[in-house]
Amino acid sequence: MDYISTRGSAPALDFAGATLAGLASDGGLYVPRMWPRFSADEIAAMAGLPYAELAARIMQPFVGDSLTPERLLELTRAAYGRFAHAAVTPLKQLDEQNWLLELFHGPTLAFKDVALQLLGLLFEEFLGRGSDNLTIVGATSGDTGSAAIDAVAGRAKVDIFMLHPHGRVSDVQRRQMTTVLAPNVHNIAVTDATFDDAQAMVKRMFNDEGMTGRFAIGAVNSINWARLMAQVVYYFAAGLQLGAPHRPVAFAVPTGNFGDVFAGYVAAQMGLPVARLIVATNVNDILHRALTSGDYSAGTVTPTAAPSMDIQVSSNFERLLFDLNGRDGTALAAQMATFEATRAMQLTNAQREGAAALFSSARADADQMSQAIRWAWEASGELLDPHTAIGLHAARSAGLPRDVPVVTLATAHPAKFRDAVERATGHRPSLPARIGDLFEREERMIELPGDYAAIAGYVAAHAVPRAG
Ligand SMILES: *Cc1c(COP(=O)(O)O)cnc(C)c1O
């Protein structure tokens with residue numbers, strides 16, 4: 001399988017190349033040249049496989065010649081062996097129609113571990129074949145940073161520079177990043193910046209030839225295709241348990257950068273019967289507006305109790321727009337140039353109609369989020385984190401026929417956002433044992449202003465240049 005850029009002019013790469021590259025050199029995102037497709041019989045034959053085996057089966061067509069099937073299975077076993085639940089992503093029933101897919105049993109308590117634990121191993125595997133060190137530069141609204149740092153801390157030939165908006169991540173999230181003292185981990189708290197500001201600086205670094213010429217810069221944000229690939233697996237895992245390939249299932253997905261829900265779109269292209277993908281947003285609702293009116297225009301970010309969804313620019317939406325517009329990279333490059341210049345663009349008719357066929361959306365404000373937390377607590381004794389609660393709100397307001405199971409993706413452990421959960425239920429979730437003495441450990445980070453030159457200068461002073 002090779003990978004092409006959504007903006008049409010970067011060179012095609014194989015899976016290993018796309019994994020190490022992150023963003024394409026033309027500013028686009030890598031996507032597989034075509035979607036592999038499983039027949040109904042092939043999907044039926046996957047029922048009951050252990051998670052790591054299912055993962056290797058789903059990912060093999062994307063990985064192609066970059067890994068042998070045996071090696072891929074070794075890596076999925078190693079990645080998912082660190083999860084605290086034997087099913088890796090267990091499914092829980094809430095009522096007759098609603099289910100929760102618990103994606104938070106990894107080391108840092110959010111769904112991002114599912115992809116990043118594997119990505120850390122893929123980096124090590126592919127870097128071992130060449131001479132360059134990899135300089136990972138990322139921006140986080142909280143969960144990506146801790147999951148990525150856990151996945152690469154102490155690994156050979158990788159440095160990670162993680163930017164977070166100062167004071168805008170939860171205490172648990174910050175400590176999960178800043179208490180990792182491995183010398184290859186560099187936490188940067190960007191003062192006076194939102195997540196979008198930090199992400200824009202990371203994007204700029206990927207397009208800065210002064211930096212990319214000297215350093216091999218890689219991405220752990222969901223612009224990295226390998227992350228999305230790993231997330232496709234749990235859509236299949238849930239679908240198979242609820243009757244796929246014979247029964248369609250809907251998914252409600254707490255959405256920020258559109259990575260997780262795009263993985264659901266990929267699962268549908270691969271043959272999984274998906275009744276609907278419900279994009280759940282908080283009041284930062286650019287995606288809800290784009291999907292309901294075709295108007296994709298960024299406002300300003302409002303901080304909420306679900307910070308991983310406090311996003312106005314959803315990078316992975318570009319992958320969907322590319323697919324729905326006949327995969328015309330030239331046209332998409334022009335559309336994205338308009339967006340980058342004006343922070344607004346209109347979807348084409350093909351994009352609107354294509355999206356409406358599979359996606360719907362809902363927006364939850366702070367009250368609706370708290371009500372969803374209380375409903376789950378009273379109906380089934382489950383404590384939900386704010387992101388998951390927004391997903392559940394969207395699931396319950398989607399109005400799907402009663403015989404369609406609706407799976408809400410539980411993207412974070414409630415203990416990661418204890419204050420919001422306690423406010424809604426009067427119940428304070430306890431930190432799972434695997435988090436240990438997080439609040440006693442020493443923290444290390446540097447504060448830098450939200451200024452590109454300062455950040456690029458810091459990275460350049462601490463990263464390992466390319467070998468040749
Ligand atoms: C990252 C994150 C999201 C948003 O996922 P995207 O792939 O960016 O859409 C939702 N909930 C939690 C808890 C997250 O960490």
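Me: What makes the place of Phe236 a helix position?
Reply: Phe236 is in helix 10, residues 225-241. Helices are DSSP runs of H or I with at least four residues, numbered from the N terminus. This is a predicted model: local features need pLDDT of at least 70, side-chain atom pairs count only at pLDDT 80 or more, and totals for chains, interfaces and linings use all residues. Residues are numbered from 1 along each chain as its sequence is written, and side-chain values use heavy atoms, without hydrogens and water.

Me: Why does Phe236 count as buried?
Reply: Its relative accessibility is 0%. Buried means under 20% relative accessible area (1.4 Å probe, protein chains only). Therefore Phe236 counts as buried.

Me: What makes the Lys112 pair with the ligand a polar contact?
Reply: An N or O atom in the side chain of Lys112 is 2.5 Å from a ligand oxygen. A polar contact is a pair of N or O atoms within 3.5 Å. The Lys112 pair therefore fits.

Me: Which distances link Gly256 and Asn257 to the ligand?
Reply: A polar backbone atom of Gly256 is 2.8 Å from a ligand oxygen. For a polar backbone atom of Asn257, the distance to a ligand oxygen is 2.7 Å. The protein covers 97% of the 380 Å² of accessible area that the ligand has on its own (Shrake-Rupley method, 1.4 Å probe).

Me: Which classes make up the shell around the ligand?
Reply: The shell has 5 nonpolar, 7 polar and 3 charged residues. Asp, Glu, Lys and Arg count as charged, and Gly is among the polar ones.

How values were computed:
Polar contact = N/O pair within 3.5 Å; in protein donor to acceptor, adjacent residues only side chain to side chain. Helix = DSSP H or I, 4+ residues; strand = E, 2+ residues; numbered from the N terminus. Buried < 20%, exposed > 50% of the residue type's maximum accessible area, 1.4 Å probe, protein only.
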